[in-house]
Amino acid sequence: MAQNNLSNKSESYEDMLIYIAELYYLKGLSQQQIADLTNQSRTNISRLLKICVEKGIVEFRIKKPTGKRIYTASQLEQMFNLKKAIVVPNGGTAEQLKRRVAIEAGEYLRSILKDNILIGINWGSTVYEIVKNFTVNHKYNIDVIQLLGGVNSKLRDADGQHILQTFSSNFNGTGYILNAPFIVKNQQIKQLLMEEPPIKEHFCKMKKTDVAILGIGNHTPQSSIYNSGYLTDDEMEMLKNDEAVTDICGFGIDINGNPVETVTTNRIIGIDLNILKNIPIRMGCSAGAEKIEAVLGALRGGYINVLVIDEETANSIMLEQINRK
């Protein structure tokens, strides 16, 4: 049953064959890695790759995917004025889907790399997955800067310093760590921190960012803002009742893309949203239907202009946007 998991979704049989061929021949994944990603056995992947050759899908080059996913991506680009949308097929577990999104995000990043740019990065489970799977064949002279303070967490996906150091190791450049917490107890502490010369210099450097790698977080009790250790029970209850559907670099955003004033707004140590929107390339990545409202808020507010997303969520987002008009 697990072997048919991918094809039971909206992908056609031929689209599935093309996708598997791309992963193997163009992106260099092993048959076992593809089996893990698509929830199939390695033996079945080997059989499907042979079928790709027999059907003429693989010759001396791989045919690029056509059809539904390409159309969906182009519609997203038009609807939300995006520079690029990349839609990946559904299937398998939530973790497998997140990893597929991360691999495609890494592929896009490799296509835009060049010397002497500054890449900004925040943290979160999807960003961590991108960094974990990212590799390069050439070490560019690229600097990387942390856009959001860290949290006191043993989880690697919330460890902003670890994520930055891992990602920046792919380049010949400097990794700029933000030595400050993600959220502080009150606005007065934030103001004092922001006056410290190293932090002030870090925030000035952020303004020169060329590319931002962003997660699109759910504004739910499972998110890092709830688990930061800086919120009282009353404050957490207030957050549950506000209108935010996502947070972009810690700041609450409603479903229409408007910033939401919350109990944490003046306590976040992270890039200002207006400065973020001036970054030329702002890539947001998301996997899973539970992120529909969060992605809509990020898109409608113009906080991201490159989107990597799974097909089912992409279709739901388009439907929501059409029904809004």
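Helices and strands on this tour are DSSP runs, helices of at least four residues and strands of at least two, numbered from the N terminus. The structure on screen is a predicted model.

**First stop: the loop before strand 1.** Select N81, which sits in the loop between helix 4 (68-80) and strand 1. The phi angle of N81 is near 55°, a positive value in a residue other than glycine. With a relative accessible area of 68%, N81 is exposed, because exposed means over 50%.

**Second stop: the sheet.** From N81, move on to strand 1 (84-88) and bring up the sheet to which strand 1 belongs, an open one in which 7 strands follow the order 1-10-9-5-2-3-4 with parallel pairing. Strand 1 and strand 4 (175-176) stand at the edges, and each has a single partner strand, so one side of each lacks a neighbour in the sheet.

Now select residues 118-121, which are strand 2, together with residues 211-215, which are strand 5; these two strands pair in the parallel sense over 3 bridges. To find one point of this pairing, pick I121, whose bridge partner in strand 5 is I213.

**Third stop: helices on the sheet.** Keep strand 2 and strand 5 displayed and add residues 125-133, helix 6, which packs on the sheet and touches strand 2, strand 5 and strand 9 (281-286). The direction of helix 6 makes about 125° with that of strand 5. Next add residues 197-206, helix 9, which lies across strand 2, strand 3 (143-146) and strand 4 and runs at about 120° to strand 3.

**Fourth stop: a pair of helices.** Two packed helices are described by the angle between their axes and the distance between the axes. Select helix 2 (residues 31-38) and helix 5 (residues 94-112), whose axes come within 8 Å and cross at roughly 125°. That angle makes helix 2 oblique to helix 5. To see the contact itself, show the side chains of Q33, D36, L37 and T38 in helix 2, and those of Q96, R99, R100 and I103 in helix 5. The residues of this contact divide into 2 nonpolar, 3 polar and 3 charged.

**Last stop: a second positive phi.** Finish at C249, in the loop between strand 7 (246-248) and strand 8 (251-253). C249 is not a glycine, yet its phi is positive, at about 50°. Is this residue, C249, buried or exposed? At 2% relative accessibility C249 counts as buried, because the cut-off for that class is under 20% relative accessible area. Returning to N81 for comparison, you will find that residue exposed, at 68%.

Terms used. Residues are numbered from 1 along each chain as its sequence is written. This is a predicted model: local features need pLDDT of at least 70, side-chain atom pairs count only at pLDDT 80 or more; totals for chains, interfaces and linings use all residues. Side-chain values use heavy atoms; hydrogens and water are left out. Two strands pair if DSSP finds at least two bridges between them. Contact means heavy atoms within 4.5 Å. Axes are lines fitted to C-alpha atoms, for helices over the stretch in contact, and angles run from 0 to 180 degrees between N-to-C directions. Buried means under 20% relative accessible area, exposed over 50%, partly exposed in between (1.4 Å probe, protein chains only). Angles under 35 degrees count as roughly parallel, over 145 as roughly antiparallel, 65 to 115 as roughly perpendicular and the rest as oblique. Ala, Val, Leu, Ile, Met, Phe, Trp, Tyr, Cys and Pro count as nonpolar, Asp, Glu, Lys and Arg as charged, and the others, Gly among them, as polar.
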